[in-house]
Amino acid sequence: MSQPLDVLGGITAEQFLCEYWQKKPLLVRKALPEIANILVPDDVMELALDENVTARLIKQKDKDPNQWTVKNSPLIKGDFQKMPKLWTLLVQAVDHYSFDLAELWKKFPFIPQWRRDDIMVSYAPQGGSVGKHFDFYDVFLVQGYGNRRWQLGQMCDAESEFVEGQPLKLLPEIDVHFDEVLAPGDLLYVPPGLSHYGVAENDCLTFSFGFRMPNVPDMMDRVCDKFSENEALKNPLHDIIRDQVSRAGEVTENELSYLKSEIFKQLQNSLVLDDAIMSLMSESKYPENIPEAEEIGTGDLEDALDQGYLLQLQPASRLLYSDQDQQVLFWANGEGLCISEQFTPFLQKIADGQTIALNLDLADEDILEDVVMLLNESILMLVPTEE
Ligand code: SIN
Ligand code: CO
């Protein structure tokens with residue numbers, strides 16, 4: 001993957017990863033022209049009123065724009081009445097609703113799927129913003145409609161101070177060293193911690209391609225959950241060998257290290273750890289966006305494949321695999337999957353983001369059953385061949 005990429009303004013993926021990723025911002029004009037007009041402001045309004053969608057309506061008071069309010073979804077029509085001059089509507093995971101948008105993740109093949117979070121869209125009228133702030137994650141901000149002025153400032157961290165008494169984590173000031181207006185198709189990469197401030201120049205839509213990363217407590221939580229599924233481990237441990245009498249109130253160093261060693265012994269069980277981490281990372285943040293599948297059988301699948309239907313990942317689902325000691329294991333939407341060896345190379349391709357054709361002459365019963373199971377769980381979907 002060492003050819004220059006248009007989405008990165010003509011630098012290679014390796015150059016971007018080495019010089020910019022997690023380090024410094026990158027502005028690319030006309031990086032993703034195909035994003036323009038995939039959605040228009042009315043589509044975002046309509047989506048925000050869907051009861052399953054995760055959205056926020058942020059308003060600034062007319063009399064004092066430093067006073068902010070946030071209304072979380074479900075949003076109703078009444079929330080959009082008596083609007084102040086300055087407001088922003090944020091809708092999460094629009095890639096789960098617009099397949100054209102979901103396709104645009106493919107423009108970033110140099111970042112693995114497990115790092116992807118979702119594509120959020122913001123809609124604001126002239127002057128609208130979500131304030132000066134920073135995020136703990138990487139984001140590609142892509143202008144989809146209208147124009148937004150972006151200012152970038154200092155690096156921040158967990159110690160940075162926020163404006164008191166507001167429902168958003170706002171920075172009192174940013175030291176502006178970048179000030180540019182983005183037009184449809186322009187992209188701005190913002191690394192974690194970099195303060196930013198985006199103000200709509202006119203009615204505008206900005207798409208945030210956001211990336212996630214687990215934290216240690218969340219991973220530990222999952223590890224605990226996996227261990228507590230093991231009934232045998234729930235029995236109390238044996239006592240240590242007692243050859244000395246200690247003070248009644250004390251837990252001796254010896255006793256403590258025995259108890260800790262029992263935990264460490266379990267943590268050596270890499271299968272449980274892998275399962276915990278992979279389950280967490282394959283979990284959907286918006287499971288309500290995963291559509292209910294229309295139940296099908298192997299006969300229906302054969303008919304669909306016969307008609308030239310292709311297989312791909314359902315955009316609201318997450319499918320990941322690990323490949324260790326020549327054993328490929330899959331997880332989807334927070335659960336481990338049991339997949340036949342024959343279907344494994346196909347499912348790997350799908351997890352890598354490919355849309356695949358399945359040749360009926362080569363697809364045996366095991367493969368068909370795997371596919372039916374994955375379709376009925378809404379992990380995969382059938383798509384017609386493009387004309
Ligand atoms: C926005 O699009 O207005 C907010 C996106 C962000 O700051 O991360
Ligand atoms: Co931000």
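Author: A residue is called buried when its relative accessible area is under 20%, exposed when it is over 50%, and partly exposed in between. The model discussed here is predicted.

Reader: Which residues are the protein donors of the cobalt ion (ligand 2)?

Author: They are H133 and H196, each through NE2, and D135 through OD, lying 2.1 Å from the ion. An N, O or S atom counts as a donor within 2.8 Å of this metal, and 2.1 Å is within that limit, so these atoms qualify. H133 sits in the loop between β5 (116-124) and β6 (139-145) and H196 in strand β10 (residues 194-200), so the pair ties together parts that are 63 residues apart in sequence. Along the chain the donors follow the spacing H-x1-D-x60-H.

Reader: Are H133 and H196 buried or exposed?

Author: Both H133 and H196 are buried, which means that each has a relative accessible area under 20%.

Reader: Why is I263 called exposed?

Author: Its relative accessible area is 52%. The cut-off for exposed is over 50%, so I263 passes. I263 belongs to helix α5 (residues 253-267).

Reader: What makes up the nonpolar patch on the surface that includes I263?

Author: The patch consists of I263, F264 and L267, with about 290 Å² of accessible area together. A patch residue needs over 30% relative accessible area, and I263 has 52%, so I263 meets that condition.

Reader: How do you know that E103 forms a salt bridge with K106?

Author: The closest N and O atoms of E103 and K106 are 3.0 Å apart. The limit for a salt bridge is 4 Å, so the pair counts. E103 has 37% relative accessibility and counts as partly exposed, and K106, at 39%, is also partly exposed. By this rule the count comes to 15 salt bridges.

Reader: What ties D179 to R149?

Author: A salt bridge, with the closest N and O atoms 2.7 Å apart. D179 lies in strand β8 (residues 178-182) and R149 in strand β7 (residues 148-155), so parts that are 30 residues apart in sequence are tied together. D179 has a relative accessible area of 36% and R149 stands at 34%. Each value falls between 20% and 50%, so D179 and R149 are called partly exposed.

Reader: Why does K226 count as buried, and what does D275 count as?

Author: K226 has 19% relative accessibility, which is under 20%, so it is buried. D275 has 23%, so it counts as partly exposed. K226 and D275 form a salt bridge, the closest N and O atoms being 3.4 Å apart. K226 is in helix α4 (residues 216-228) and D275 in helix α6 (residues 270-281), so the pair ties together parts that are 49 residues apart in sequence.

Reader: Which residues are linked in a network of salt bridges?

Author: R29, E180 and D186.

Reader: What does the side chain of D50 reach?

Author: It reaches the backbone nitrogen of N52 at 2.8 Å. A polar contact needs the two atoms within 3.5 Å, so the distance fits. D50 is in the loop between α2 (41-48) and β2 (55-60). With a relative accessible area of 29%, D50 is partly exposed.

Reader: How far apart are D50 and V251?

Author: D50 and V251 are 201 residues apart in sequence and 57 Å apart in space, C-alpha to C-alpha.

Reader: What does the domain assignment of the protein chain give?

Author: Domain 1 (4-211), domain 2 (216-240 + 250-282) and domain 3 (288-384). The centres of domain 1 and domain 2, taken over C-alpha atoms, are separated by 40 Å.

Conventions: Residues numbered from 1 in each chain as written. Chains lettered and ligands numbered in written order. Predicted model: local features only at pLDDT ≥ 70, side-chain atom pairs only at ≥ 80, totals over all residues. Heavy atoms only, no water. Patch = residues over 30% accessible without salt bridge, like charges linked within 9 Å, V, L, I, M, F, W, Y side chains within 5 Å. Areas by Shrake-Rupley, 256 points an atom, 1.4 Å probe, with all protein chains shown as cover. Salt bridge = Lys/Arg side-chain N within 4 Å of Asp/Glu carboxyl O. Helix = DSSP H or I, 4+ residues; strand = E, 2+ residues; numbered from the N terminus. Buried < 20%, exposed > 50% of the residue type's maximum accessible area, 1.4 Å probe, protein only. Donors = N, O, S within 2.8 Å, 3.2 Å for Na, K, Ca; no water. Polar contact = N/O pair within 3.5 Å; in protein donor to acceptor, adjacent residues only side chain to side chain. Domains from an automatic or database assignment.
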